Amino acid sequence: MSKPAGVWSYVRGFERLSFCDWPGRHTSILFLGGCNLRCPTCHNFQLAWDMHSLPALDPVRIKAFLRDRSGWLDGVTITGGEPTTVPGVGELLYEVRKSGLPVKLDTNGMRPEVVADLLQYRLADVFAVDVKGPFDKYPALTGGAVSALAAQRNLERIFALAELHPGAFYFRTTKVPSLTEADLDIARGYLPPEHTLTIQNYVPPRRMTEHAQPDHEERRPVGDVVY
Ligand code: SF4
């Protein structure tokens, strides 16, 4: 395999088939490295903060897989890390779209301008947005990466997009131990009309000692890292 260039060099995981990522669909999942947050509960910390410790994958094989299996897949999820931080993510989505499969993009919502661009150019069909909790808890929930004001500003832009594009946004919160039921109600109250907040349970991930934290956010494993 020649070394992947450009946006494909960020692809550090590929799960060929998932039955639970996109409700009701059989999907493949691409995992992109890098993230703009430092959530102490991060489940994909290696991918998010140290993607170079994971091997790059062969884009030719991934594209061939999606093309050849498009008849029995129902979609492709692009996740991370945080895909909106990846330079040229739109180009990757464009290439994935050539498979003819619907695309879902997972995001923490902190780069609404990227989400707006991807939406405008119809490079993703659906956006699954993490609402981590009440705005005033964002500094603690994101390892100090986002202020309460920035979280509010960014998510309100996302909510405005959701109002304009009904059906294109899902919202979810992982109930990490520092969130109370009252916090979940506050987060639920942020959503635009006709949208519901999916609450995900958290499961402590395995983590190397040097990254040990008291609690962790449930995310999926990176999948078939070595393709
Ligand atoms: S939990 Fe998500 S948003 Fe937070 S650091 Fe990990 S990948 Fe980034």
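**A guided reading of the chain**

The chain contains seven helices and seven strands. The model is a predicted one. Read from the N terminus, the order of the elements is β-β-α-α-β-α-β-α-β-α-α-β-α-β. Of the 227 residues in the chain, 42% are buried. Among contacts between residues at least 6 apart in sequence, 72% join residues at least 24 apart.

The interior may be considered next. The largest nonpolar core has 52 residues, and V11, L30, L93 and V103 are those with the most contacts inside it. Helix α6, residues 148–164, gives the most to this core, with six residues. For V11, if neighbours within four places in sequence are left aside, the contacts are P4, L30, L32, L57, P59 and I62.

Two of these partners lead to helix α2. This helix spans residues 59–68, and its buried residues are P59, I62 and L66. They cover an arc of only 65° around the axis, and therefore lie on the same side of α2. The spacing follows a general rule: an α-helix has 3.6 residues a turn, so residues three or four places apart point the same way. On the other side of α2, the residues V60, R61, A64 and D68 are exposed. The cover over the buried residues of α2 includes β1 (11–18), β2 (27–32), β3 (75–79) and α3 (89–97).

Strand β3, one of the elements in that cover, deserves a closer look. Five of its five residues are buried. In a regular strand the side chains alternate between the two faces of the sheet. In β3, G75, T77 and T79 are on one side and V76 and I78 on the other, and all are buried, so that both faces of the strand are covered. Strand β3 also pairs with other strands. With β2 the pairing is parallel and extends over five bridges, and T77 in β3 is the bridge partner of I29. Strand β4, residues 103–107, runs parallel to β3 and is joined to it by three bridges. Here V76 stands opposite V103 in β4; V103 is also among the residues with the most contacts inside the largest nonpolar core.

The model also has a ligand. Around it stand 12 residues, of which the closest are C35, L37, C39, C42 and A48. By character, the residues of this shell divide into five nonpolar, four polar and three charged.

Some details of the backbone remain. Most residues other than glycine have a negative phi, and most peptide bonds are trans. Against this background, the peptide bond from G80 to G81 is cis, with omega near 10°. G81 lies in the loop between β3 and α3. R122 is not a glycine, yet has a positive phi of about 55°. Its place is in the loop between α4 (112–120) and β5 (126–130). R122 counts as exposed because it has 12 C-beta neighbours inside 10 Å, and a residue is exposed if it has 12 or fewer. E194, likewise a residue other than glycine, has a positive phi near 70°. E194 is found in the loop between α7 (181–190) and β7 (197–201). With 9 C-beta neighbours inside 10 Å, E194 counts as exposed.

Definitions and conventions:
Residues numbered from 1 in each chain as written. Predicted model: local features only at pLDDT ≥ 70, side-chain atom pairs only at ≥ 80, totals over all residues. Buried ≥ 20, exposed ≤ 12 C-beta atoms within 10 Å, placed from the backbone. Helix = DSSP H or I, 4+ residues; strand = E, 2+ residues; numbered from the N terminus. Arc of directions from axis to C-beta. Contact = placed C-beta atoms within 7 Å. Near = placed C-beta within 6 Å. Nonpolar A, V, L, I, M, F, W, Y, C, P; charged D, E, K, R; others polar. Core = buried A, V, L, I, M, F, W, Y, C linked by C-beta atoms within 7 Å. Pairing = 2+ DSSP bridges.
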